[in-house]
Structure formats: C-alpha cells, structure tokens
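Student: Could we go through this structure by way of its helix packing first and its internal spaces afterwards? I would like each answer reasoned out before the value or name is given.

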Amino acid sequence: MTTTLYQRLGGADGIARLVDDAIAAHLNNPIVKTRFENIRDMERAKRMAREFFGAGSGGPDPYTGKDMLAAHKGMNISEQEYLAVMDDIVNTLTRHNVGAESKSEVIAILYSLKGNIIRV
Ligand code: HEM
C-alpha cells in the first residue's frame, strides 16, 4: 500500500505541529528571526503554512494563500536566509522522527520553490 507524503507527515495534526516548531526555530535563528518577529498576524501566517504544506503533500484541504512569488515579492530574501529556513525545517523534521525518504521529498519540494522566493 502506498501512503501520501501528507499521511507520512502525520496528516493535519502532524503538519500543524511541524509548522509550529519550524516557526519557533525561525524565531530562534539569528539569520531570519527579525523577518518572523515582524509578522503582524502570526496566527494567519501559521494557518497559511499549514494549508500550504497540507495541500502540497497530498492532503484533502485547499491552500487559500498567495502563490510563493506573490508572498515573497519585494522582501529581498537572500540565499543565506533561504538556507537558514531550509535548515530549520530539516532539523524540525529530524526532531519529529520523519523518515529519510519523506524528508527528502519535503526538501525537493522546497528546493523547487527557491526561484520564487530568493530576491524576487
Ligand atoms: C522555503 C520555502 C518557503 C515556503 C514554502 C514559504 C511559505 C510561505 C507561505 C505559505 C506564506 C503565506 C503566504 C500568504 O500570506 O498568503 C509565506 C509568507 C511569508 N514568508 Fe515564506 N516561505 C518560504 C521561505 C521563506 C523565507 C526564506 C523567508 C525569510 C527568511 C520567508 C518569510 C516569509 C514572510 C515574512 C512571510 C509573510 C508573512 C506575513 O506577513 O503574513 N519565507 N511563506
């Protein structure tokens, strides 16, 4: 039987926990913490991140936020900041005991988005 990435990440609840911990890690990461401290509506930002990861990993619910280009346009995000966010996410997946294959799939998805995020 095949399982979707969504199921392997623990469904909506697992993804909500991953998002909470990844954002906590960003808020502790000197390279990007100010970016995340400046978010005005953190509840909405977390909801959007949950929706994005849920929909992007094969979950049943739609993503209702902006596309990645529109979401990051004008922020002038650097390669270093992008890598810092990737590292936080990978470390979060490791802490949550997400398996190597699922982790690789998440990394591949995030990497494919970098052209819509860095210096756009
Ligand atoms: C690694 C890939 C990334 C993904 C998948 C991602 C995902 C998202 C999503 C889903 C949103 C919400 C869009 C909306 O409001 O409709 C968002 C917004 C945002 N992202 Fe990213 N992001 C990524 C990388 C980054 C990086 C590297 C930074 C900065 C270091 C960053 C900073 C932000 C900020 C500040 C917002 C706006 C939040 C707000 O004001 O509500 N993101 N991102």
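Student: At what angle do the axes of α2 and α6 cross, and which word describes how α2 lies to α6?

Tutor: In this predicted model, the axes of α2 and α6 come within 9 Å and cross at roughly 135 degrees. Angles over 145 degrees would count as roughly antiparallel and 65 to 115 as roughly perpendicular, with the rest outside the parallel range called oblique. The crossing in which α2 passes α6 is right-handed. The angle of roughly 135 degrees therefore makes α2, relative to α6, oblique.

Student: How are α2 and α4 arranged to each other, and is their crossing left-handed or right-handed?

Tutor: The axes of α2 and α4 are 9 Å apart, and the two helices pack at an angle of about 125 degrees. That angle is why α2 and α4 are described as oblique to each other. As for the handedness, the crossing of α2 and α4 is right-handed.

Student: Which term describes α6 and α7 relative to each other?

Tutor: The axes of α6 and α7 come within 10 Å, and they cross at roughly 160 degrees. In this crossing, α6 passes α7 in the right-handed sense. The cut-off for this class is an angle over 145 degrees, and α6 and α7 are therefore roughly antiparallel.

Student: Which helices each supply at least two residues of the lining of the largest pocket, and how much space lies in that pocket?

Tutor: The helices that each supply at least two lining residues are α2 (11-28), α3 (33-37), α4 (42-56), α5 (68-72), α6 (79-95) and α7 (100-112). By class, the lining has 28 nonpolar, three polar and six charged residues. The space in the largest pocket comes to about 1200 Å³. Of the 37 residues that line this pocket, the closest to its centre are F36, I39, A45, A49 and H72.

Student: Which residue is the only protein donor of the iron atom of the ligand?

Tutor: The donor has its place in helix α5, and it is also among the residues closest to the centre of the largest pocket. Its NE2 atom lies at 2.1 Å from the iron atom, and no other protein donor is found there, so far as the 2.8 Å cut-off decides it. The residue is H72.

Student: How many cavities of 30 Å³ or more are there, and which elements give two or more residues to the lining of the largest cavity?

Tutor: The count comes to one cavity of 30 Å³ or more, and about 80 Å³ of space lies in the largest cavity. Its lining consists of L5, L9, F52, F53, G56, S57, V106, I109 and L110, which divide into seven nonpolar, two polar and no charged residues. The elements that give two or more residues to this lining are α4 and α7.

Methods:
Residues are numbered from 1 along each chain as its sequence is written. This is a predicted model: local features need pLDDT of at least 70, side-chain atom pairs count only at pLDDT 80 or more; totals for chains, interfaces and linings use all residues. Side-chain values use heavy atoms; hydrogens and water are left out. On a 1 Å grid over the protein atoms alone, a cavity is a set of points where a 1.4 Å probe fits but cannot get out, and a pocket is an open set with protein on both sides within 12 Å along at least five of seven lines; lining residues have an atom within 4 Å of a point. Grid points are joined across faces, edges and corners, and a volume is the space filled by probe spheres set on the points. Helices (H or I, at least four residues) and strands (E, at least two) are DSSP runs, numbered from the N terminus. Ala, Val, Leu, Ile, Met, Phe, Trp, Tyr, Cys and Pro count as nonpolar, Asp, Glu, Lys and Arg as charged, and the others, Gly among them, as polar. Donors are N, O and S atoms within 2.8 Å of the metal (3.2 Å for Na, K and Ca); water is not among the atoms, so sites may look incomplete. Axes are lines fitted to C-alpha atoms, for helices over the stretch in contact, and angles run from 0 to 180 degrees between N-to-C directions. Angles under 35 degrees count as roughly parallel, over 145 as roughly antiparallel, 65 to 115 as roughly perpendicular and the rest as oblique. A crossing is left-handed if the near helix is turned anticlockwise from the far one by less than a right angle, and right-handed if clockwise.
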